Amino acid sequence: MRLLLWHVHGSWTTAFVQGDHDYLIPVLPDRGPDGRGRARTWEWPQNAREVAPAELHADDVDVVVIQRPHEVALCEGWLGRRPGRDLPAVYVEHNTPQGRIADMRHPAAGLLPIVHVTHFNELFWDCAPSPTRVIEHGIVDPGYRYTGELARVAVAINEARRRGRVTGTDLLPRLVTHAGACGLRPSAPRAHFTNGTVPFDLFGIDAGSLGGVDDPPQELLHRELPRRRVYLHPIRWTSLGLTLLEAMHMGVPVVALATTEVPEAVPPDAGIVSTRVDELRAGIERLIADPDEARELGLRGRVAALERYGLQRFLDDWDDLLEEVAR
């Protein structure tokens with residue numbers, strides 16, 4: 001099929017465009033949010049091709065994959081047809097809802113079929129009367145890469161400074177050390193505050209402002225992350241961090257907050273998952289001190305990730321849904 005979709009989430013799109021379809025990726029001269037075009041920090045196949053809005057015609061599109069509310073209007077303006085009414089369309093919800101539980105109404109509810117990337121999201125979003133489906137993430141397997149040669153912790157957070165408590169940035173000084181030099185001291189020190197004893201390296205968009213590696217290409221992240229002994233996922237409220245799943249694929253042992261979808265994604269014997277900061281800190285320190293245990297935990301995590309988040313299952317699930325939507 002010919003699928004129109006915007007480049008919104010690079011990691012998710014990297015898996016999505018691995019299928020057999022023709023993926024039309026809008027591009028604008030400024031390569032802004034509504035026209036980023038092909039990825040520059042991920043490897044995409046040639047069947048994911050850039051297309052300018054002026055080159056788009058309604059007859060060229062079999063299904064529109066909407067990922068943000070305003071894309072409905074963009075599509076209507078560019079093609080002269082409204083997704084869900086004049087063109088087959090599906091809405092992919094990547095994010096956890098915000099606000100009070102009773103007010104988590106989805107913007108596409110009643111307008112489009114909605115696909116959630118986690119069961120947690122499907123549970124919390126109010127989508128009635130739209131039909132919903134969960135298609136869990138698929139990962140392009142980077143292969144087993146773990147060495148753990150550096151007795152350090154890897155953390156991957158985009159915009160860690162701005163997003164603060166959402167991403168658990170404030171938890172880093174309680175879990176790992178050298179945080180003060182990165183501007184991560186808590187705003188109000190407390191008597192029970194305890195620094196971790198393990199150094200960490202931060203990767204992600206704007207990580208440079210905190211002394212980390214700013215917006216690394218996927219190839220660099222996949223090379224450097226497995227050299228660290230442990231991967232830490234401190235995010236309080238997110239759909240499901242794809243770097244967490246990539247770390248598991250590469251055999252890196254993971255330590256993560258037991259929030260949102262994480263307890264489903266990381267089985268009890270395949271990672272250290274808890275809402276207790278002291279248990280997470282103790283787990284990090286134990287794995288740093290015991291490379292053999294760290295390696296064994298990472299191997300179990302890889303098996304679990306391959307079984308649940310394999311790329312082919314992801315693509316097959318999407319093919320089934322796209323055929324339904326196109327009909």
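**A cavity, a helix pair and two cysteines**

About 40 Å³ of space lies in the largest cavity of this predicted model.

Trainee: Which helix gives the most to the lining of the largest cavity?

Mentor: The lining of this cavity is made up of F16, H21, Y23, L315, W318, D319 and L322, and by class these residues divide into 5 nonpolar, 1 polar and 1 charged. With 4 residues, the helix that gives the most to this lining is the one spanning residues 311-326, helix 11.

Trainee: How many cavities of 30 Å³ or more does the count come to?

Mentor: The largest cavity holds about 40 Å³ of space, and this volume can be set against the cut-off of 30 Å³ used for the count. By that rule, the number of cavities comes to 1.

Trainee: At what angle do helix 7 and helix 10 pack?

Mentor: On the side of helix 7, the residues in contact are L245, M248 and H249, and they meet G298, G301, R302, A305 and L306 in helix 10. By class, this contact has 4 nonpolar, 3 polar and 1 charged residues. The axes of helix 7 (residues 242-249) and helix 10 (residues 291-308) lie 7 Å apart, and the angle between them is about 115 degrees.

Trainee: Is C127 buried or exposed?

Mentor: A residue counts as buried when its relative accessible area is under 20%, and for C127 the value is 5%. Because 5% falls under that cut-off, C127 is buried.

Trainee: What is the relative accessible area of C75?

Mentor: C75 is another cysteine to consider, in a structure where a search finds 0 disulfides. C75 is buried, and its relative accessible area is 0%.

Methods. Residues are numbered from 1 along each chain as its sequence is written. This is a predicted model: local features need pLDDT of at least 70, side-chain atom pairs count only at pLDDT 80 or more; totals for chains, interfaces and linings use all residues. Side-chain values use heavy atoms; hydrogens and water are left out. Axes are lines fitted to C-alpha atoms, for helices over the stretch in contact, and angles run from 0 to 180 degrees between N-to-C directions. Helices (H or I, at least four residues) and strands (E, at least two) are DSSP runs, numbered from the N terminus. Contact means heavy atoms within 4.5 Å. Ala, Val, Leu, Ile, Met, Phe, Trp, Tyr, Cys and Pro count as nonpolar, Asp, Glu, Lys and Arg as charged, and the others, Gly among them, as polar. On a 1 Å grid over the protein atoms alone, a cavity is a set of points where a 1.4 Å probe fits but cannot get out, and a pocket is an open set with protein on both sides within 12 Å along at least five of seven lines; lining residues have an atom within 4 Å of a point. Grid points are joined across faces, edges and corners, and a volume is the space filled by probe spheres set on the points. A disulfide is a pair of cysteine sulfur atoms within 2.5 Å. Buried means under 20% relative accessible area, exposed over 50%, partly exposed in between (1.4 Å probe, protein chains only).
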